[in-house]
Every structure is written in structure tokens, then in C-alpha cells.
Amino acid sequence: MNISEIYLNKLFSREDIYNEVAEKLGCPSVCDRDSLTGAIMEISSPQEFRLYVSDEKIENETVDEIIEVFKICGKNNHSVSTEVYVDEFLNLIDSHSRLTRTAKPRSLVHRDGDLHPTVHIWLVKRRDMGIYVLLQKRSPEKDVNPDRYDVSAAGHVSQGGEFRHAAVRELKEELGIDITGNQLELIGLLNNVTKYGDINDNEMSAIYLCRENIDTDKLTLQSSEVSEVVWAEIDELLSVMKYNDFPNCISLDELAMIKKAVL
């Protein structure tokens with residue numbers, strides 16, 4: 001059975017959405033409900049359509065219309081089957097490290113290893129001549145690197161989003177920290193590639209420092225993301241990372257960037 005993946009992006013115009021459908025169907029004439037119905041009903045060999053819908057909390061009549069057409073046609077053309085998936089869409093990054101308008105479902109981005117934008121936020125402080133960073137322990141529910149120590153907070157930049165806004169959002173969601181964007185210090189960009197089972201995570205991460213005086217006893221941890229947090233002195237952290245009994249997914253390059261920025 002042939003499988004076609006169609007992206008129904010709620011942020012796109014009616015014309016752009018139908019152009020996506022027409023391209024995936026191989027029928028340039030598809031541009032409205034009637035032409036789409038005709039194209040689907042002409043399919044004679046087994047075909048599965050996977051409709052990926054972006055997860056924005058907004059209405060989009062064109063997306064609803066296309067889903068309805070596929071479902072109705074599937075009842076009348078037994079060669080056609082349709083599955084609908086709701087997913088976060090991510091803008092892709094091109095070969096020149098530029099953020100593009102092209103958006104793709106997150107699950108497929110991780111499957112195919114597409115370069116996409118993320119943010120890493122490190123809470124840092126100086127104490128007793130040492131540089132301390134806050135580590136989060138990833139929830140055992142995480143698909144990638146569960147129960148491993150990681151950056152203070154991190155997340156994807158959703159389509160149409162901006163790095164700094166995403167960083168502010170992730171601090172609020174994962175740790176319950178309310179700050180503004182100007183309280184974050186951008187120290188650079190870093191590419192990170194992680195392979196975990198069937199997941200190929202190819203990220204370009206904006207690395208931010210937060211030097212605010214945060215009372216970690218008053219944090220509100222997002223249980224689906226974070227199981228605990230702990231402060232670690234960077235040089236001691238580098239030492240224990242040499243041993244396999246310290247489960248972590250921390251980038252040595254990021255720690256080097258932090259030391260350079262703070263010293």
C-alpha cells in the first residue's frame with residue numbers, strides 16, 4: 001500500500017493548504033472541495049493518506065473541509081484509507097543556518113533528522129569561587145533520554161515563533177519561573193545531534209544564560225518533563241561526566257560556552 005503524508009497547516013492560507021494537497025496527490029488541478037473529491041474518487045490502487053494537522057488552538061475552515069472530504073471519500077472508495085494526526089509543527093533550518101517558512105510535523109522532523117530550532121536555558125550563579133549551573137533530571141516519561149540530567153530548561157521553537165520567546169515559555173512551563181526576555185543572555189548557537197531508537201534529533205540550539213537569583217526551593221516542576229533539579233559546580237560536573245554511572249545528556253561544548261561567558 002502506498003502512503004502519502006499531507007501537512008495541513010492551520011497558519012497557512014487556503015491556497016497554500018490546497019497547493020500542499022495537490023502536490024502530494026500529484027494532481028495540480030486540485031484547488032477546492034469538488035476537485036479534491038474527484039481526485040480521491042479516481043484512485044484505484046490501495047492508498048493510505050496520513051493527514052498531519054498543526055496543533056494551534058485556532059479554527060481553520062479549509063483544514064476541516066479537507067479532512068471531511070477525505071473521510072467521506074474513504075467511505076465510498078475502498079481503495080482509500082485516512083488517518084488524522086494532530087502534531088506540533090516546526091520551522092526547518094536550511095543549509096545556510098537560516099530559519100525557513102517551511103514547517104513540518106515534529107514527529108516527522110525527529111524521524112527524518114531535519115535541522116530545526118530549539119532553545120537551551122541555563123540557570124547559573126557564582127559561589128565560593130565556582131560557577132554553578134542548575135541541572136534538571138528528565139522525567140522517566142520522556143521519549144528521549146529519560147532519567148538523565150540535562151540543561152536547566154529546554155524546548156522547541158514552534159512554527160512562527162522566536163527563540164527568546166520560546167526560552168521564556170520553557171522556563172515558565174518546566175520550572176515555573178516568570179521572567180522577561182531581557183533577563184536572558186544569548187551566548188551563542190550550537191548544533192546538537194541525538195540518536196535515540198527511531199528518533200533522529202538534529203537541533204540548532206540558541207543557548208541562553210539566566211543569572212537571576214532564583215529560589216530553587218520554590219520552583220514548580222512540570223512532572224511530565226522534570227523529576228528534580230540540582231545545582232552542580234561546572235568543574236566538578238565535568239569530572240563526574242567522565243564516568244558512565246552519571247546519567248546525563250549534557251553537551252561539553254555548552255559547558256565550555258558557559259565558562260567562557262561567566263569568567
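Which loop does Met129 lie in? Met129 belongs to the loop that links β6 and β7. We'll come back to that turn below, after a look at the whole chain. One thing to keep in mind throughout: this is a predicted model.

**The chain as a whole**

The secondary structure adds up to 7 helices and 12 strands. Measured out along the principal axes, the C-alpha trace spans about 75 × 35 × 35 Å. Of the 263 residues in the chain, 48% are buried. If you take the contacts between residues at least 6 apart in sequence, 66% of them join residues at least 24 apart.

**A parallel sheet with helices across it**

Let's start at the N-terminal end. Here 3 strands make an open sheet, ordered β1-β2-β3, and their pairing is parallel. At the edges sit β1 (2–8) and β3 (80–87), each of which pairs on one side only. On average, neighbouring strands of this sheet are turned by 20 degrees against each other, ignoring direction. For a closer look at one of the pairings, take strand β2 (residues 47–54), which joins β3 in the parallel sense over 8 bridges. A handy landmark there is Leu51, which stands opposite Val84 in β3.

Two helices lie across these strands. Helix α1 covers β1 and β2, and its direction is at about 170 degrees to β1. Helix α3 lies across β1, β2 and β3, running at about 160 degrees to β2.

**How the helices pack**

Two packed helices are described by the angle between their axes and the distance between the axes. Here are those values for the two pairs that involve α3.

| Helix pair | Angle between axes | Axis distance |
|---|---|---|
| α1 (residues 14–25) and α3 (residues 61–76) | about 30 degrees | 10 Å apart |
| α2 (residues 33–41) and α3 | roughly 35 degrees | within 10 Å |

How are α1 and α3 oriented to each other? With an angle of about 30 degrees between them, α1 and α3 are roughly parallel, because angles under 35 degrees count that way. On the α1 side, the contact is built from Arg14, Ile17, Tyr18 and Val21, and on the α3 side from Thr62, Val63, Glu65, Ile66 and Phe70. Sorted by class, these residues come out as 6 nonpolar, 1 polar and 2 charged.

The α2–α3 crossing is right-handed. Helix α2 brings Arg33, Leu36, Thr37, Ile40 and Met41 to the contact, while α3 supplies Glu65, Ile66, Glu68, Val69, Phe70, Ile72, Cys73 and Asn76. That gives a class split of 8 nonpolar, 2 polar and 3 charged residues. Put the two lists side by side and you'll find Glu65, Ile66 and Phe70 of α3 in both contacts.

**The β4–β5 hairpin**

Further along, strand β4 (residues 89–93) pairs with strand β5 (residues 99–105) in the antiparallel sense, over 4 bridges. Asn91 has Ala103 in β5 as its bridge partner. The hairpin has 5 residues between the strands, and in it Ser97 takes a positive phi near 65 degrees.

**Back to the β6–β7 turn**

Most residues other than glycine have a negative phi. Asp128 and Met129 are worth a look with that in mind. Asp128 sits in the loop between β6 (115–127) and β7 (130–138), and its phi is positive, near 50 degrees, although the residue is not a glycine. Met129, in the loop between β6 and β7 as well, has a positive phi of about 65 degrees and isn't a glycine either.

Are these two residues buried or exposed? Asp128 counts as exposed because its relative accessibility is 70%. Met129 has 80% relative accessibility, so it counts as exposed too. The cut-off for exposed is over 50%.

**A glycine after α5**

Last stop is Gly176, found in the loop between α5 (163–175) and β10 (185–196). Its relative accessibility is 30%, so Gly176 counts as partly exposed. Setting aside neighbours within four places in sequence, Gly176 is in contact with Leu171 and Thr220. How far is Gly176 from Val262 in space? Their C-alpha atoms are separated by 24 Å, and the two residues lie 86 residues apart along the chain.

Note on methods. Residues numbered from 1 in each chain as written. Predicted model: local features only at pLDDT ≥ 70, side-chain atom pairs only at ≥ 80, totals over all residues. Heavy atoms only, no water. Axes fitted to C-alpha atoms, helices over the stretch in contact; angles between N-to-C directions. Parallel < 35°, antiparallel > 145°, perpendicular 65-115°, else oblique. Contact = heavy atoms within 4.5 Å. Nonpolar A, V, L, I, M, F, W, Y, C, P; charged D, E, K, R; others polar. Pairing = 2+ DSSP bridges. Left-handed = near helix turned anticlockwise from the far one by under 90°. Buried < 20%, exposed > 50% of the residue type's maximum accessible area, 1.4 Å probe, protein only.
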